[in-house]
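Dear colleague,

I am handing over a structure that you have not worked with before, and you will find it just below. After it I have set out what was found, and I would be glad if you read the notes with the model open beside them.

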Amino acid sequence: MKLVNNRFLTLLAVTLALTFSGPATAFNLDSDAPITVSADNARLDDTKGIATYTGDVQLVQGKTRLDAERVVLYRDANGLSRIEASGQPARYQQPTRDGEGETDARALNITWSASEDQLTFERDAIIEQNGNLFRGDVIHYDTVRRVVTAQGGDTNTGSGRVEMVIQPRSTKSKQGSDGSSQSQ
């Protein structure tokens, strides 16, 4: 039984890696495309390297987009180092690596860390991509290693479990007049 469980877990891990081909690098600091920020209000503390935006905040770089009610940007000597966003929910969108679809993620808190190459979605986190779904209380996405880890939440506020929906491989089929499906 233990061998079957290990095979299942290995298969599941491989399936996840192939299914969630996630964003390439979230916000790309090496890109020539600037990150544009718009909001209802802004406060910049240049001494601390912190910019706080509130009210219908939108960060856009190329086709990568972050929408939230509040966003805090942290800068260090190397430039932008961290983004913290919150909303009801905050939403992160980016085309997939292969350009076939889009990653659409939502959570009450979204954090991007340049030094850790990681996106973290916390509290009511959902990631959808091409009909596939990944849900948990906390979801970490390592943008370099392309590894997704998730944790269930407190059972008082939710199911306490991680949920995944993986769509079957697409097969072109044609439905016959009797309602049956035939492969082409």
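**The hairpin of S2 and S3**

Strands S2 and S3 form a hairpin with four residues between them, and in its turn Gly49 has a positive phi of about 75°. Please keep in mind throughout that this is a predicted model. The two strands, S2 with residues 41–45 and S3 with residues 50–61, run antiparallel and are joined by five bridges. One pair to look for when you trace them is Asn41, whose bridge partner in S3 is Thr54.

Gly49 also gives a way across to another part of the chain, since Gly79 is 30 residues apart from Gly49 in sequence while their C-alpha atoms are 9.2 Å apart in space. Gly79 belongs to strand S5, and is Gly79 buried or exposed? With a relative accessibility of 12%, Gly79 counts as buried, because the cut-off for that class is under 20%.

**The chain as a whole**

Stepping back from the hairpin, the chain has one helix and 12 strands, and the order of these elements from the N terminus puts the helix ahead of the strands, as α-β-β-β-β-β-β-β-β-β-β-β-β. The chain has 184 residues, of which 33% count as buried. If one takes the contacts between residues at least 6 apart in sequence, 39% of them join residues at least 24 apart. The chain exposes about 11,700 Å², and carbon and sulfur atoms supply 46% of that area.

**Strands S5, S6 and S7**

Strand S6 is a useful place to continue, for S6 pairs with S5 as well as with S7. S5 and S6 run antiparallel and are joined by 11 bridges, and within this pairing Gln94 has Thr103 in S6 as its bridge partner. On the other pairing, S6 and S7 are likewise antiparallel, with nine bridges between them, and here Asn109 stands opposite Glu122 in S7. How many of the residues of S6 are buried? Nine of its 12 residues are, and the strand can be described as mostly covered.

Several points of backbone geometry fall in this region and deserve a look. In strand S5 you will find Pro89, which is joined to Gln88 by a cis peptide bond with omega of about 0°. S6 and S7 form a hairpin with four residues between them, and Asp117, in the turn, has a positive phi of about 50°, although Asp117 is a residue other than glycine. Asp117 is partly exposed, because its relative accessible area of 33% lies between the limits of 20% and 50%. Arg123, which lies in strand S7, also has a positive phi, of about 65°, and is not a glycine either. Arg123 counts as partly exposed too, at 44% relative accessibility.

The loop between S5 and S6 holds Glu100, and this residue is exposed, because its relative accessible area is 55% and the class begins over 50%. Glu100 and Gln129 are 29 residues apart in sequence, and from C-alpha to C-alpha they are 9.7 Å apart in space.

**The cavities**

Rolling a probe the size of a water molecule over the atoms shows where empty space is left. In this model the count comes to two cavities of 30 Å³ or more, and the second largest of them has a volume of about 30 Å³. Which residues line the second largest cavity? They are Phe27, Leu66, Ile83, Tyr92, Ile110, Thr111, Trp112 and Leu119. The elements that give two or more residues to this lining are strand S5, residues 79–95, and strand S6, residues 102–113. S6 supplies the largest share of the lining, three residues. Sorted by class, the lining has seven nonpolar residues and one polar residue, with no charged residues.

When you open the model, I would suggest beginning with the hairpin of S2 and S3 and moving on from there to S6 and the lining of the second largest cavity.

With best wishes

Conventions
Residues numbered from 1 in each chain as written. Predicted model: local features only at pLDDT ≥ 70, side-chain atom pairs only at ≥ 80, totals over all residues. Heavy atoms only, no water. Pairing = 2+ DSSP bridges. 1 Å grid on protein atoms, 1.4 Å probe; cavity = no way out; pocket = protein on both sides within 12 Å on 5 of 7 lines; lining within 4 Å. Points joined across faces, edges and corners; volume = space filled by probe spheres on them. Nonpolar A, V, L, I, M, F, W, Y, C, P; charged D, E, K, R; others polar. Buried < 20%, exposed > 50% of the residue type's maximum accessible area, 1.4 Å probe, protein only. Contact = heavy atoms within 4.5 Å. Areas by Shrake-Rupley, 256 points an atom, 1.4 Å probe, with all protein chains shown as cover.
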